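Here are my notes for a first look at this entry. Please keep the model open as you go through the points.

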Amino acid sequence: MKFTCLSKGRGFHFPPCHMLNFCGIRILLDCPLDLSALLAFSPIPTSLDCLSVVESFNTEANGFDSGVGFGKRQKIEKLLHAQSLLFAEPWYKTVNNLHLWNSSFIDVVLISSPMGIMGLPFLTRIKGFSAKIYVTEASARLGQLMMEDLISMHVEFRHFYGPEESNFPSWLRQEELEILPSELREIILGKDGLEWGGWMPLYSAADVKDCMLKINTLNYAEEACYNGTLVIKAFSSGMEIGSCNWVLNSPKGDIAYVSGSSFISAHAMPFDYCSLQGTCALIYSDFFSLGDTQDSSDADNYSVSAADKLQPMSSQDLAGFNHNSVENSEEKEKLDFICSNTINYIQKGGSVLIPIDRLGTVLLLLEEMTASLEASDLKVPVYIISSMAEELLALLNIIPEWLCKQRQEKLFAGEQLFAHVNLLKEKKIHVVPAIHSHELLTNWQEPCIVFCPHWSMRMGPVVHLLRQWCGNPNSLLILEDVLNLELALLPFQPVAMKVLQCLFPSGIGLQTVQPLLKLLRPKTVLCPEELRLQTNLSSENSFSVLYYTEAETLKVPYRKHSSEIKIATDLASHFYWKTFKKEEINITKLKGELLMENGRHHLLLENDNKNSSSNKSLEHLGLPDSEKLMAALSKMGISGNIEHGMSDAKSQTACTIHIHDPYKASIEIGTTGTIITTADENVASSIYKIIDNILKAV
Amino acid sequence: MAIETLVLGAGQEVGKSCVLVTINGKRIMFDCGMHMGFLDHRRYPDFTLVDPNQDFNSAITCIIITHFHLDHVGALAYFTEVCGYSGPIYMTYPTKALAPLMLEDYRKVMVDRRGEEELFSSNQIAECMKKVTAVDLRQTVQVDEDLQIRAYYAGHVIGAAMFYAKVGDAEMVYTGDYNMTPDRHLGAAQIDRLRLDLLITESTYATTIRDSRYAREREFLKAVHKCVSCGGKVLIPTFALGRAQELCILLEDYWERMNLKVPIYFSAGLTIQANAYYKMLISWTSQKIKDTYSKHNAFDFKNVQKFEKSMIDAPGPCVLFATPGMISGGFSLEVFKHWAVSENNLVTLPGYCVAGTIGHKLMSDKRGKVDLDANTRIDVRCQVHQLAFSPHTDSKGIMDLVNFLAPKHVILVHGEKHKMASLKEKIHSEFGIQCYDPANNETICIPSTHYVNAEASDTFIRSCLSPNFTFQKCNSADIYNSTTPDKNLMPMLQVEDERVSEGVLVVEKGKKAKIVHQDELLLMLEEQKHDTLSGTF
């Protein structure tokens, strides 16, 4: 088995991406898009912005011309301001290392979450791409909605900038990249400055449609069999509705793939870790636990971040994984904090803008916020502005099989799965497809609470609302964990509105990694290099640990050197056994039909019972005893005389038997073979039979 | 190795489906239903046969319920709460959601209307449902280390499933009720090609072959339309779930098209509440209905209103869905008493009514007097329309399924005795498959597949992967001498690919069986190969 990490990803919206070669089958794990790279682009400029862009562009270009060779000048130019963002139709950043692979050699694509599907249309539209794609049904539906939403938000750019002039945008030229501020250059080219090739213009709606047609959807724990060899199963990971971990079974062993997983979830079915037990190899790819510690204090105003409890849990605590009340109450506290802030700002007369795209967080906030509005007797409208919102909300209420236990209980009690169904009916929330929809314009009221995409704050309704409210210190912006808040807000500076960044715990959590792996009992664990520094896995564990880094291939030897074959008993009863007495070995030649089914070899009774020639092609062992042969021949009425060969080493012939009665023939007995020479075929075969009886045959 | 099947219910009859299957030491109870036609002990399966000591928890590995109809789930609450079974129970999500409604409805009819002593309480139904694990379609559930089960879509009613079970190497499918053709709101049954030892299938329509359901639907709509346009009232006695929603979708569609304003009523709150469940479970319906979820959920009936008791004698035409079906009592019987006396009115009946119900009496004798009980007799003058479409598969569907799955043995349940016998004969003669139709409390024992494991060397596996064709010419003399009746069928050139016969199975005392390639064998036995060639000069 060979494993290559193509990208470690970055957070919730950009899951990791790996390539796996297992049993000669090439498997791509996830195909995400790095939408955080959108930060390098400017949102659609207002007319005011436009003017300044042209100006700044000129000055910068001039500065570059005269500044060649002067290091100091360049440093000054690297200062980041709103005008240094890219004013162009955005391109999208795919996983750069994926382009090093020939996509037509990929056999299987496994998509672990709705976020992992975002880059798939780039792959499926390539000529020659023929891999089987497996996605859970819920991930596929959510993923499709997200991709369609992305396309509809992108249309605004296309309208503004017009059709592209060439296949190669000017901002991607070497000389243009050189004068970019370092922050932007790093976004575009990566830390190593090599990720240039990952940029792509957005796929079309037709590409998405075509991509969805090529997908095979699965339910949790459904067995899909690729090529008879590989049995593929998805188990819930708890990260998002439909997100999953994978177990792959083959005759050579089995592999578990653990993507970002979560033990508790207020909406999705939680992490089903029990089903991942006892595999030969486990690929650990939950990067959430790793990122947490590094950058959580970026927010300038408030910051709610997960306090890491680093003392490891004991294995006994594992039974309670899914009902971890500590984390639950922590989450509840954060929700309460956000809601009370919202109420505060509403009471001050400002509006609240929530550009969060994490479904779980949005649903929780929606339920909590409407409840606390009611409790404090505030009558402000809640708007959800998104092209996919209506369908998404309807969808959420018809997929009970994919939800957490509490939601499923609602189904069995005959209640709506989510509160939003009733909220919609009671007109407490309003869902509109776009900011310019008629329904919104006629109903619009401020102050209000708005949920809308996109979290990058570069596209979608959020851009327009942020421009309107950013100067108002009584308004509140609630963000999910943004890596570079300064850059995110850059186009809207000066920002007077309050910013609240909320970070909800996600992922397995550093302190649970070790007890979890102990419980899963894999033989080998593949871990990201980063984990080596943060936890000590190798001590006192029953499994061996291998560490992987991006773009490096790890080879993991198979533990089994032979495969199992299941032989049907009705076939086995037809076998003709030969016994070798001295070693008490029984031997039989195989027959029947060998099948590869569900990752197992089966040997079954053939349907058409033709008398195959297999009896003829017996193998003979040892040397025929010439004396015995003579005796057997004379019994059949055949007589002849033996001529012993010369006993020198060069001669291959041990002896020759000349037969003259009733016909002429010669039998040459050699050390490795016997040659029968006659004039008549029938004679030859009768002599053959006699020798056959004497020799040990298999 | 054998699979033992004890039929506790639905053997050569319809009602109280319950089959106990023992495979390699595991015991699975498929369905736990009650018989609607009996009121005494015969309504439940004879559970004493399961275990003489009544220790059901150790006698049964798990219970599997295929769908929410009472003849499949009716005895479950009794079995868990009264008989004390507390092991695992599996059913699909819709079945888990809707079965308690059916049980509660039945309990009410039993206690409130018939005044019987209740066999289980509402509380017990709730307790029983807590023990149920909901499963999704095609999900492989590991019940314990050896037992695997999996649900397949069965059509019939929402959430109906066929269940596949595997213990060791033995595999079987129990179909429950199924429908091989899609209907208004559900898709057709779907299953994978499997290597089955046993198929236990329903055979309600063992000898019937139905034509297009669209013609039948038109007949129904015409009858309803004719009745309401003459100012008559239409009574559709149905159970709360399944048929009610199917007919309602049909009527809604027709009402929209014909722009009819005649009210459609649902009796009692139960059916309205059932629609709320259907809305959430829409992904278990047919593709066409499923696609409607985002704009207008097809189970959001626009023309449907709630019916009040006082409206029974109100003038004017209307359509009323009333529970229970087959007019076996309750509200539908009450309405029937009032409406049956007028020729203007119409009563629709399902294709199958259990013996002993008013529906059954009406079907056998369409007009005339019907005895409700010893003291009441009604003069039935209204029209009776029998629905000719059914959510059960017809005989062709059963044959198709048997042919597709090609199991080694078939057991027929859930049908009428003489029809089952003829289907059994047909399956045996057409497919050459052993087929049984046991009566209640009979046990059928069939052999099951068993595999011997052997370790195969990589060389053998690799040699099996690459083709190794040999071509053999048949000379005309061979063809002439062969006993094949049609000599033209023998090709002149025969292609053989005998990769398997290069393998040798070696069983050494005290070691695991091993398969090696013939080239490796010599090394293993430390002997030399000896070729024998014969040649002619």
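1. Start with the two chains. In this predicted model, 54 residues of chain B are in contact with 65 residues of chain A. On the chain B side, the elements that give two or more residues are α4 (93-113), β7 (140-142), α8 (268-280), β23 (451-456), α14 (458-465), β26 (503-508), α16 (518-525) and β28 (529-536). Look at β28(B) in particular: the largest share of this side, eight residues, comes from there.

2. What is the residue make-up of the side of chain B that touches chain A? Nonpolar residues number 25. Another 18 are polar, and eleven are charged.

3. Strands also pair across the two chains. Strand β25 of chain A, residues 563-568, is joined to β23(B) by six bridges. The two strands run antiparallel. Within this pairing, A:Glu564 stands opposite B:Glu455 of β23(B).

4. Now take chain B by itself. Its assignment gives domain 1 (2-209 + 391-447), domain 2 (214-386) and domain 3 (455-525). Note that domain 1 of chain B is written as two segments. The C-alpha centres of domain 1 and domain 2 of chain B are 28 Å apart. Their contact takes 24 residues from domain 1 of chain B and 26 residues from domain 2 of chain B. On the domain 1 side, the split is 13 nonpolar, six polar and five charged.

5. Chain B has an open sheet of seven strands, in the order β7-β8-β9-β10-β11-β20-β21, with mixed pairing. Why do β7 and β21 (434-436) of chain B each have one side without a neighbour in the sheet? Both stand at the edges and have a single partner strand each, so one side of each is left free of a neighbouring strand in the sheet. From one strand to the next, the twist averages 20 degrees.

6. Follow the β7 edge. β7(B) pairs with strand β8 of chain B, residues 147-153, in the antiparallel sense over three bridges. B:Val141 has B:Ile149 in β8(B) as its bridge partner. Recall that β7(B) also gives two or more residues to the side that touches chain A.

7. Finish with two helices. Helix α12 of chain B (residues 395-405) lies across β10 (170-174), β11 (198-203) and β20 (409-415) of chain B. Helix α12(B) runs at about 170 degrees to β11(B). Helix α13 of chain B (residues 417-431) packs on the sheet and touches β11, β20 and β21 of chain B. The direction of α13(B) makes about 160 degrees with that of β20(B).

Key. Residues are numbered from 1 along each chain as its sequence is written. Chains are lettered from A and ligands numbered from 1 in the order in which they are written. This is a predicted model: local features need pLDDT of at least 70, side-chain atom pairs count only at pLDDT 80 or more; totals for chains, interfaces and linings use all residues. Two residues are in contact if their C-beta atoms, placed from the backbone, lie within 7 Å. Helices (H or I, at least four residues) and strands (E, at least two) are DSSP runs, numbered from the N terminus. Ala, Val, Leu, Ile, Met, Phe, Trp, Tyr, Cys and Pro count as nonpolar, Asp, Glu, Lys and Arg as charged, and the others, Gly among them, as polar. Two strands pair if DSSP finds at least two bridges between them. Domain bounds come from an automatic or database domain assignment. Axes are lines fitted to C-alpha atoms, for helices over the stretch in contact, and angles run from 0 to 180 degrees between N-to-C directions.
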